[in-house]
Amino acid sequence: MINCKTMGKSFDIGLERLTGTGVPAIDAIQEGGVPVGNDAQGKKPPLQDGFATIRASTEQKNRTLKPEGCGTQAAEGATFYLETFGCQMNDHDSEKVAGVLLGRGYQQVETPEAAKVILYNTCSIREKAAQKVFSRLGELRPAEERSGEWRVTSGELGAEAREAQARVSFGSQGKPVLQKNAQPGMAVPREANHPSLRKIVNAAGGKIIGVLGCVAQQEGEEIFERAPWVSLVCGSASYRKLPQLIAELEAGNRRVTGLDTDTDETFETEITRRDNPWRAYLTIIEGCDKACSYCVVPFTRGPERSRASASILEEVRRLAESGYSEVQLLGQTVNSYADPSMRKMRFSELLAAVAEVSGIRRVRFTTSHPRDFGKDIVEVIEAHPNICDHVHLPVQSGSTTVLRAMARTYSREEYLEKIALMKAARRPISITTDMIVGFPGETEKDFEETLALLDEVQYDSVFAFKYSPRPNTPSLKMADAIPEEEKGRRLAILMDRQREIQRAQNEKLVGETFEVLVDGKSRRDNQWSGHTSSNRVMNFTSPERELLGDYVQVKVVSAMPNSLVGEMVGRA
Ligand code: 5AD
Ligand code: SF4
């Protein structure tokens, strides 16, 4: 076992000063793990015109993260391609997966074609997200299979595949028969369908293809059936096994799985490759115990496991030393955090301790569950100006009847009590939420209660989704499904109403000045972009030559439903 303990720091630094163009619109993580915008298709929020997300280029990532003095188990020139679907939790898991691979001497590449190892970190919160993964896997179907014929080749076969090759040949009907003299180069009809044969075909392709994340956990070994060219299936609840699984693949094993959920461990790696140059993500609690009736997360991410407070604080200190000034604490239900160590810190105490780390200018956390949201969290926000004034508190529905059917554990009134705590805070707290329309049995009256809740709470942003029936979930069997068309109609009405609320909310901010962390630069001269503490997107003008990563003061001159427009008035 190679000790990479000293590498954490060198892997985390060096990305702060990267330049690039652009910024995404508000990117809240949603409970259940999917960052999706409030548009009818459930895509991410639209980017601002002329802006794009700033991410380190692959070349920069590899350069910055070049392992020092850590043994490389991977073969010379080994490369990986990693694509991530879904939420910020998945984004951050991918950062850790990349860290594991880089630590083994792999280099990241930008296309699947250029990679020896191809990994998809997947999302299954709604059906569309899961389908996307299988369409990606379809693109990787080996040419041999597409042309209707598989060919046994000797290629770069691992030990197990070589052995399988010796055991398989094909009878007159084209069916695989176990015997000792299968020859490389032998053509095989497509309908041949034997696991050993598939191993050979996979090996001949010469690539390792892996499915990670929620689809992996949900579909398990079925994935090998649907896409036999896949060789690694590992759910997010088993990521702690990933280094070992990768080592098994390197040793020539062609099919490995990590599908346990009965774990009390979290996925902590010694090396995390961080993609966002300014905002560092930190998972403090994994999994979910809440069992909402529509949600796959408890199945795909397993039970709640919290990370020890001392280890979290140590990582925050290292991040601050490395130059990160903003940290975002992550969890499907972040405020259900339960410190497993003797210190037994409450979530609000942890928030305070993170905020007190020298060098940390902004602390965010997402996603909060209403059941565990109490006054102590509001008080800690009030007491620490560097805890951002934004809370994402998913409600899902404004109707107590629907909330009960969803098993959300609170009523409309109880939820509104939590909102009242925030509205009474000494400084304004921006509130955002998630909503589902068209849950089975949702009547027109229920839906109207949801619309009325929008008016009452005045959210700063809403991520709205059409209900999507998911495997294994209790709501799958509920009566009174709402037709797709009707779900679409309700979603459009909700979004129209919310757009007007946001326009009015944002217009009230014209003339005010906010601190902005600059994270985007437009292609147009003097145009910059960043986020306020409330996580609003601010596009602004400034004649300065270099502002990326800086904190500046910006005065709002006009407002749009999803962003503010301003001009820089000074440094923060
Ligand atoms: N259908 C539609 N939306 C869902 N969400 C979770 N599960 C489903 C589902 N089956 C939404 C919830 C959650 C967000 C991340 O995704 O609003 O908060
Ligand atoms: Fe959130 Fe409920 Fe899903 Fe847990 S089960 S992630 S609380 S929506």
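I will talk through two helices and a strand barrel in this structure, which is a predicted model.

Let me begin with helix H4, which covers residues 127–139 and has 13 residues. From its first C-alpha to its last it reaches 19 Å, close to the 18 Å expected at 1.5 Å a residue. Its buried residues are Ala129, Ala130, Val133, Phe134 and Leu137, and because these fall within an arc of 140° when one looks down the axis of H4, they line one face of the helix. If you turn to the face that points away from this buried side, you will find the exposed residues Lys128 and Glu139 there. As for what covers the buried residues of H4, the list includes strand S3 (117–122) and strand S8 (208–212), together with helix H8 (213–219) and helix H9 (222–226).

Helix H3, residues 88–103, has a different setting to describe: 15 of its 16 residues are buried, so H3 is largely enclosed by the rest of the structure. Its end C-alpha atoms are 22 Å apart, which agrees with the 22 Å that 16 residues should span at 1.5 Å a residue. Just after H3, please look at glycine 105, which takes a positive phi of about 95°.

Finally, the barrel. Five strands form a closed barrel that runs S19-S20-S21-S23-S22, with mixed pairing, and the twist from one strand to the next averages 55°. Within this barrel, strand S20 (residues 527–532) and strand S21 (residues 537–541) pair in the antiparallel sense over five bridges, and glutamine 527 has threonine 541, in S21, as its bridge partner.

Key
Residues are numbered from 1 along each chain as its sequence is written. Chains are lettered from A and ligands numbered from 1 in the order in which they are written. This is a predicted model: local features need pLDDT of at least 70, side-chain atom pairs count only at pLDDT 80 or more; totals for chains, interfaces and linings use all residues. Side-chain values use heavy atoms; hydrogens and water are left out. Helices (H or I, at least four residues) and strands (E, at least two) are DSSP runs, numbered from the N terminus. The expected span of a helix is 1.5 Å times one less than its number of residues. Buried means under 20% relative accessible area, exposed over 50%, partly exposed in between (1.4 Å probe, protein chains only). The arc is that of the directions from the helix axis to the C-beta atoms. Contact means heavy atoms within 4.5 Å. Two strands pair if DSSP finds at least two bridges between them. Axes are lines fitted to C-alpha atoms, for helices over the stretch in contact, and angles run from 0 to 180 degrees between N-to-C directions.
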